[in-house]
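Biologist: I'm new to this one and would like to start small. Could you take me to a single spot in the backbone, look at it closely, and then work outwards from there?

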Amino acid sequence: GERIANIKKDGDKFIVTTESGKNYESRAVIITTGSRRRKLEAINADTYENKGITYCASCDGPLFAGQDVVVLGAGNAAFDSAAQLLAYCNTVTIIHRSDKYKADEITIKKVLENPKFKIITNAEILKVDGEQFVNSITYKDKISGEEKTLSTSGIFVEIGQLPNVDFAKDLVALDEFGKIIVDPMSQMTSIPGIW
């Protein structure tokens, strides 16, 4: 259960170093470290994580039944979360930093038809406020420059994933999103012996 700190190539073998400093030698390495959710970066966001800020609508959504909630993002994950939440929340508002959506048109259309749904675009999230739990989110309208506060008891963050591959970034080739580039047939990376 230790986290990997680094992988180095040494001749025909690899040395995997853990965060505690242990070294493991191997002739091959399989990387299956997945990804993590991109965190909300705003004032007080870390204070209210799991106290109204959540990263899983299917897990935590039912806790917000009958309440006004916000979804951050504009991809399929954000619109799918909004669709789930509309089944039991009072209102659902998507807040997005631009006016372009990354979700499929059919997914967007389905959500837009619900009268309990609205979208706020061109918004930069500034801070989250509350007491024991979240009770508002403040954003800046990027066009007018005006700061606005919206009452909400739940903030569902759907702003993407970050690959867990920092330990290998100096060894294998990564794409523009920081994901390891692999051969689609063999899953081999740019370094023979690492998959």
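Modeller: Let's start in the loop between strand E4 (35-37) and strand E5 (53-54), where you'll find Asn44. Keep in mind that this is a predicted model. The thing to look at is the backbone: phi of Asn44 is near 70°, a positive value in a residue that isn't glycine. Most residues other than glycine have a negative phi. How exposed is Asn44? Its relative accessible area is 27%, so Asn44 counts as partly exposed, given that buried means under 20% and exposed means over 50%.

There's another spot of this kind to look at. Gln187 isn't a glycine either, and its phi is positive too, at about 65°. You'll find Gln187 in the segment after strand E13 (161-163). With a relative accessible area of 42%, Gln187 is partly exposed.

For a contrast, go to Val92, which is part of strand E7. Val92 is buried, because its relative accessible area is 0%. And what does Val92 touch, leaving out residues up to four places away in sequence? The list is Val69, Val71, Ala82, Leu85, Leu86, Lys116, Phe117 and Lys118. You can also check Val92 against Ser81: they are 11 residues apart along the chain, and their C-alpha atoms are separated by 9.7 Å.

That brings us to helix H2, which covers residues 76-86. Its buried residues are Ala78, Phe79, Ser81, Ala82, Leu85 and Leu86. Why do they sit on the same side of H2? They cover an arc of only 155° around the axis, and that puts them on the same side of the helix. Three of the names, Ala82, Leu85 and Leu86, should ring a bell, since they are among the residues that Val92 touches. As for what the buried residues of H2 pack against, the helices are H1 (57-60) and H3 (105-112), and the strands are E6 (68-72), E7 (91-95), E8 (117-120) and E12 (154-157).

Now follow that list to helix H3. Here the buried residues are Thr107, Ile108 and Val111. Looking down the axis of H3, you see them fall within an arc of 95°, so they line one face of the helix. The cover over them includes H2 and E8. On the face turned away from that buried side you get the exposed residues Glu105, Ile106, Lys109 and Lys110.

Finally, zoom out to the whole protein. It has three helices and 13 strands. Its radius of gyration is 21 Å, well over the 16 Å that the globule rule gives for 195 residues, so the protein is more spread out than a compact globule. The box filled by its C-alpha atoms, taken along the principal axes, is roughly 60 × 40 × 35 Å. Of the 195 residues, 36% count as buried. The accessible surface comes to about 11,600 Å², and 49% of that belongs to carbon and sulfur atoms. If you take the contacts between residues at least 6 apart in sequence, 52% of them join residues at least 24 apart. Then there are the charges: 24 side chains are positive and 27 are negative, and the centres of the two sets lie 1 Å apart.

Definitions and conventions. Residues numbered from 1 in each chain as written. Predicted model: local features only at pLDDT ≥ 70, side-chain atom pairs only at ≥ 80, totals over all residues. Heavy atoms only, no water. Helix = DSSP H or I, 4+ residues; strand = E, 2+ residues; numbered from the N terminus. Rg over C-alpha atoms; globule rule 2.2 N^0.38 Å. Buried < 20%, exposed > 50% of the residue type's maximum accessible area, 1.4 Å probe, protein only. Contact = heavy atoms within 4.5 Å. Areas by Shrake-Rupley, 256 points an atom, 1.4 Å probe, with all protein chains shown as cover. Lys, Arg positive; Asp, Glu negative; His and termini not counted. Charge placed at Lys NZ, Arg CZ, Asp CG, Glu CD. Arc of directions from axis to C-beta.
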